[in-house]
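Biologist: Could you take one part of this model, the sheet, and walk me through it closely, together with what packs around it? I am in my first year, so please go step by step.

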Amino acid sequence: NGKFKSITSQAIGKQRINISPNLFKDLFESFLDTIYPKSHGMFKINGFMVAACDGSIFDLPNFTITREEFPPGGENLLKPKRTGARVSCFLDVSSKMILNIKIVERSVSEITLAKQQLMELKNHFDIRKLITIYDRGYNSIELMMKTEELGSKFLIRLRSNTFKNQVKKMKTNDEIISLNITKSLLNRFEDEEFKERAEEWGRFNIRIVKVELKNGTIEILATNLTPEEFSSDELNELYAKHGAFKETQIAL
């Protein structure tokens with residue numbers, strides 16, 4: 001009607017504080033339940049949705065309300081305590097759409113968050129057709145076994161000392177290794193209920209793939225994808241998509 005010639009982005013931002021954040025959460029979940037699955041066919045790779053998961057710790061404004069929600073960590077009396085939070089994000093590497101994000105106390109582990117986020121995504125679409133790519137910080141047997149229990153897929157870049165003895169015995173660059181589910185291994189699990197179920201497995205098989213990067217570096221990837229689903233070369237290309245997530249993090 002001509003009363004308002006323009007509305008600044010600052011004005012829109014100020015008005016948003018009058019809206020409950022639950023509205024935005026509900027809208028996003030409705031989007032995942034209805035629109036996203038129907039439009040996702042173009043984003044699949046070999047029939048799978050592909051997401052990258054990563055996290056980081058951020059400093060937060062040192063206000064009273066912030067300290068109440070995110071208590072400062074650290075017991076070093078010589079250093080000032082900083083208010084911070086851990087952020088964990090699942091990103092669709094093809095559409096660049098964030099599928100799930102959590103901001104919690106920094107004391108919560110990234111492995112715990114990843115498991116929680118997988119469970120939440122399970123409520124929105126079929127994660128049996130979801131591959132999640134993780135970097136070295138996620139080389140957790142518990143995360144691998146939990147993903148397997150959920151019927152989903154993982155691709156994890158391992159640290160150089162992970163499964164060191166088994167990797168040394170590999171005769172090719174693409175083999176299945178079998179791990180004994182021992183008491184000492186289970187003692188590192190965070191979820192007590194899952195620990196009891198995992199103990200009954202006895203052994204856990206993981207596909208290990210050695211890939212050579214352009215600079216000659218050998219990387220070790222762990223996955224539960226079969227060679228029929230993704231060849232070793234395809235896994236190398238698939239893991240490279242994790243770089244798109246790093247670029248998105250830098251942009252954010």
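Modeller: Let me begin with the whole chain before turning to the sheet, and please keep in mind that this is a predicted model. Of the contacts in the protein with a separation of 6 or more, 61% are between residues 24 or more positions apart. The protein has 252 residues, of which 38% are buried, and its secondary structure comes to 11 helices and 8 strands.

Now to the sheet itself. The 8 strands form an open sheet with mixed pairing, and reading across it the order is 3-2-1-4-5-8-7-6. At the edges stand strand 3, residues 98-105, and strand 6, residues 174-180, each of which pairs on one side only. Neighbouring strands in this sheet are turned against each other by 25 degrees on average, with direction ignored.

If we look at one of these edges, strand 6 runs antiparallel to strand 7, residues 203-212, and the two are joined by 7 bridges. Within this pairing you can find Ile-176, which stands opposite Arg-207 in strand 7.

A helix also packs on the sheet: helix 6, residues 141-149, lies across strand 4 (130-134), strand 5 (153-157), strand 6, strand 7 and strand 8 (218-223), and it runs at about 110 degrees to strand 7.

The packing can also be followed through the nonpolar cores. The largest nonpolar core has 40 residues, and those with the most contacts inside it are Leu-99, Tyr-134, Ile-141, Met-144, Phe-163, Ile-206 and Ile-208. Apart from this core lies another, of 16 residues, which includes Ala-52, Ile-131, Val-211 and Leu-238. To see how one member of the largest core is surrounded, take Leu-99, which, if we do not count residues up to four places away in sequence, touches Phe-28, Leu-32, Tyr-36, Met-49, Ala-51, Phe-90, Asp-92, Leu-121 and Phe-125.

Gln-117 offers a useful contrast in residue type, and it is found in helix 5, residues 110-122. Gln-117 counts as buried because its relative accessibility is 0%, and the cut-off for that word is under 20%. Leaving aside neighbours within four places in sequence, Gln-117 is in contact with Ser-88, Cys-89, Phe-90, Asn-100, Ile-101 and Lys-102.

Aromatic rings come next, and the count of aromatic pairs is 5. One of them joins Tyr-134 and Tyr-138, whose ring centres lie 5.1 Å apart with 35 degrees between the planes, a tilted arrangement. Tyr-134 is buried, since its relative accessible area is 1%, and Tyr-138 likewise counts as buried at 1% relative accessibility. Another pair is formed by Phe-194 and Trp-201, with ring centres 6.5 Å apart and planes at 85 degrees, so this pair is edge-to-face. Here Phe-194 counts as buried, at 0% relative accessibility, whereas Trp-201, at 30%, counts as partly exposed. Phe-194 and Trp-201 also belong to a cluster, in which ring pairs link them with Phe-189 and Phe-204.

Finally, a ring can also have a charge placed over it: the charged end of Lys-129 sits over the ring of Phe-48, at 4.5 Å from the ring centre.

Definitions and conventions
Residues numbered from 1 in each chain as written. Predicted model: local features only at pLDDT ≥ 70, side-chain atom pairs only at ≥ 80, totals over all residues. Heavy atoms only, no water. Pairing = 2+ DSSP bridges. Helix = DSSP H or I, 4+ residues; strand = E, 2+ residues; numbered from the N terminus. Axes fitted to C-alpha atoms, helices over the stretch in contact; angles between N-to-C directions. Contact = heavy atoms within 4.5 Å. Phe/Tyr/Trp six-rings, centres within 6.5 Å; stacked < 30°, edge-to-face > 60°. Buried < 20%, exposed > 50% of the residue type's maximum accessible area, 1.4 Å probe, protein only. Lys NZ or Arg CZ within 6 Å of the ring centre and 35° of its normal. Core = buried A, V, L, I, M, F, W, Y, C linked by side-chain atoms within 4.5 Å.
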